Structures are given as structure tokens and as C-alpha cells.
Amino acid sequence: MPCRYDLAIIGAGAAGLAAAIFSAETQPGLKVVLVDSAKSLGAKILVSGGGRCNVTNATVTPKDFHAPSRIVERILKRFDEHRTVQWFESMDVSLKQEPTGKIFPVMNKARTVLNALLSRCGALGVQIKTNHRVHSVIKRSQCFAVQTTCGVITARRVIMATGGKSLPKTGSDGSGWDIVRQLGHTVTACYPALVPLVLSDIFFHKTLSGISHQCAVTTRVQNRVIDRRSGSLLWTHFGVSGPVVMDASRFWVKAHQAGDGPVLSISFFPEHTFAEVEQWLLPKSRSKNLASHLSTHLPHRVAVTLDEYVADQIAPHSTISDRSKVTGFPLNELSRQTRRTISHALTDLTLPVVDSRGWNHAEVTAGGVPLSEINVSTMESRRQPGLYLIGEILDCDGRIGGFNFQWAWSTGHIAGCHAAKMIEASSTIET
């Protein structure tokens, strides 16, 4: 039985849409079908970047990803951030770079990105089938049989772009991993990444909800530092979020799932040492107290809250009988030991993390199909010829800032182009 389609792409997210476009551009007239379980496409694109869609970053390197650098570098070189910008501009999506390096559409609307991708697919004749949930993919003599809730789709080659488990309401539920397991692949342990963290209710975070500031976050396992990074932290009603927490979360979540008891701590002075902060607590003004002094460095509400927290922690364990002597008494009249205790709280304060916000709030999945199981020059499976794996289904996740979208575009480009060339080559041989 002849195959109905040349290429079937399962999953119409960022990677799948890119693969469809590049395959159809490589070989015009190719019969390409894009299959997705959702009723409407691009949900994850639309919610990304606060609804603005951070399509890439001004500088993308292998160090921005959690995967073997040598492999990631080979993939990124094939379609880098500069080509991504050119590609979107060719689809009439004007982009702008922000001071952080993040690149967004000038219109500040994710819908601009999605509409451009869908419009390009339409112009190239890519067929899109929504409400088609895929149950399995079976390799037959000349075709792959893609079994869906709406019947069987046959294709000469298949690209898996089903994503991971992050933001399941957008359609990513991990079912793609079950399909590729049946085709001979393995899947590493998976866990939420780029996810906010939940703090104990007894902590002070609720009083600071909505406030952000610069800090350093350190993750330790058995007193060993496994990650330390600086950036912007956002206090929320449930705990902490913001870029620095989102990036650090994968380390805490991974260790937590392994039962390793990770500890997360924060420094409110990311560019200063303990000794420098201790010295800073010796103000020239004899009347300055902790809250007013901290307010020169931190948002006022954070300064006041820290002042009160430190007083509550220090007073019961010091010679100070009245907590007001910490909050209101001149700093230069505090004992050296009390000043050192305050310095420790300001540079290495333990955050009582009890959990992450889980898959429903994770922006990306850590874990997936090992990169060693694909040919990184083509994204074709080493276990099943004619099958390609791209995007978040793979064991590679980037930090916050547009890097995961770049991974989607890069892997989609490689797979789409190669699949189209192989289909054309085989068609020539057959004729």
C-alpha cells in the first residue's frame, strides 16, 4: 500500500511548525501533514514570555543548555540565533532586542509569531489536522502507520515533536515518550524545569508578594554547592519566582525528586562577600538602624521585612533583651557577634522550599530521550530509520531567555531539511 503522505509531523508546537516549514521549503510539492491533539494550535507559544514570545536570544551558546556541550554546539551551528532572526523577518515578523539579550516581536504579541508560522505552513501547502490524538506509530514495510483517534495516517517518514510534560494544559502530557519507547528509545528521568518554587507558609514571602530585586541563589546538597547564579528574584504569595529562581529550580527539583534533601539559600548582596557586607553594616552615621540602612540597597518593604525577620531570629539567642534594639537601635551599638549573625542572614539566608509548582507551571521539561540515541547531524533516530526526534522530547533544556525556542527552531530545521532530502532522494531512486 502506498503512503498517503511523504512526511508526518506529530506535534504542532514550535519545533513541529518549524520542521513542517523547512521540509516543505526544501522540497516544494512534498506531501506534509502536521498532526496535533489540540483543537487550536500554538497554546505554549501564546503564553510564553508573558504573552510576548521570546523567540531567541542575542547570544546563544552550548553553555545555555543542560546537555553535552559538544552535541548542542553541532546542532546550534546548523541554525543559529542569527538565522532565526533572518527567518522570522522573512515571514514579516519584525524583532527587537531587549537589554537582557532577549529577542521579542516588535509588536510584543506572541500571536504575531504563531500567525506567521501558520500562515507560512498554509502558503506551502502543509496539511494541518487538529483534534487528532496519536496513540502509536508503527513501522511497516515502506510506511509508518500513525494511529490517531480519527484513523490511521500513513507516511514515509515521521518527525516526533510532541514535547515533554510542561504546561500540560497546552497539550504536552508526555505521551510522545510512550510512543518512542515502543519504537526502541529510552527516556531518562524527567522533572519540571523553569518552574517557580513554593515556600513554607511560616516564612515572610507573602508580605513581599509582587516585589522583585537582584540577588544570588545557591543550591546545596549535603553542604556541597551544585549551583549558584545571580539575577532577578520575584517574591510571590506562594513563594519565589523570577529568572534566577526559574533557572535554579531544575537543580533543586532534581535533587528533591532523588531524595537528596537540597537546600536553597539567597544572598541579598550578590556581588559582595560576607566580609564586605559585615563592613557595610558599620555606617558612618551613628543613628542609622538596619531597616534604613538596608533601604539604600533593597526595596523598602524588603528592607523592613528583613529587619523584622533578623530581629525575631537574633533576639532569642543573644544578649539583646529587646528586639527593638535590633530594629531601632543604632547599628554601631550592636555587638560584633550580632553584626556577624546579621551578615550571614543577608548573604546566605536559607529559603524554606517545600516543593515546586509542578508541571502545570513549568515552562520546560528536564529529561527525555538521550541525545546519544539520535544522529545529531540529521536528528534522525539511531534506533528507527526514518524517524526523527526534535524539540522538548529530547533530553536537553535551556535556561530562561529564549534558549528553548532556539532549540526548537534549530532541531526543527535540521530534521525538516534532512527528511525532505531523503524523501526526494528515495523518490528519484524508485522512478
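Start by selecting helix H3, residues 69-78: with three residues, this helix gives the most to the positive patch. (Helices are DSSP runs of H or I with at least four residues, strands are runs of E with at least two, and both are numbered from the N terminus.) Before you go on, keep in mind that this is a predicted model, where local features need pLDDT of at least 70, side-chain atom pairs count only at pLDDT 80 or more, and totals for chains, interfaces and linings use all residues. Residues are numbered from 1 along each chain as its sequence is written, and side-chain values use heavy atoms, with hydrogens and water left out.

**The positive patch**

Now add the whole patch to your selection: Arg-70, Arg-74, Arg-78, Arg-83, Arg-382 and Lys-421. Patch residues have over 30% relative accessible area and no salt bridge, and like charges are joined within 9 Å. Lys and Arg count as positive, Asp and Glu as negative, while His and the chain ends are not counted. Each charge is placed at NZ of Lys, CZ of Arg, CG of Asp or CD of Glu.

Click on Arg-382 next. You'll find Arg-382 in the loop between strand S21 (380-381) and strand S22 (387-389). Is Arg-382 buried or exposed? Arg-382 is exposed, at a relative accessible area of 55%. (Buried is under 20%, exposed is over 50%, partly exposed is in between, using a 1.4 Å probe and protein chains only.)

**Zoom out**

Show the full chain as a cartoon: there are 13 helices and 23 strands. Along the principal axes, the C-alpha atoms fill a box of roughly 90 × 45 × 35 Å. Of the 431 residues, 55% count as buried. Switch on a surface and you're looking at about 18700 Å² exposed, 49% of it supplied by carbon and sulfur atoms (Shrake-Rupley method, 1.4 Å probe).

**Salt bridges**

Side chains of opposite charge can pair when their charged atoms come close. The whole structure has 16 salt bridges, each being a side-chain nitrogen of Lys or Arg within 4 Å of a carboxyl oxygen of Asp or Glu. Three stops are worth a click.

- Select Arg-52 and Glu-98, a salt bridge whose closest N and O atoms are 2.7 Å apart. The partners are 46 residues apart, with Arg-52 in the loop between helix H2 (43-47) and strand S3 (56-57), and Glu-98 in the loop between strand S5 (95-97) and strand S6 (102-105). Arg-52 is partly exposed, at 23%.
- Go to Arg-133 and Asp-173, bridged with their closest N and O atoms 2.6 Å apart. This pair spans 40 residues, from the loop between strands S7 (127-129) and S8 (134-139) to the loop between strand S10 (151-160) and helix H6 (175-182). At 33% relative accessibility, Arg-133 is partly exposed, and Asp-173 is partly exposed at 33% too.
- Pick Asp-397 and Arg-250, with closest N and O atoms 2.9 Å apart. Asp-397 sits in strand S23 (residues 397-398) and Arg-250 in helix H7 (residues 243-257), 147 residues apart. Asp-397 is buried at 1% relative accessibility, and Arg-250 is buried at 10%.

**Last stop: His-418**

Select helix H13 (residues 403-430) and find His-418 there. His-418 is buried, with a relative accessible area of 17%. Which residues is His-418 in contact with, leaving aside neighbours within four places in sequence? Show Thr-378, Glu-380 and Tyr-388; contact means heavy atoms within 4.5 Å.

Definitions and conventions. Patches are made of residues with over 30% relative accessible area and no salt bridge: like charges are joined within 9 Å, nonpolar side chains (Val, Leu, Ile, Met, Phe, Trp, Tyr) within 5 Å.
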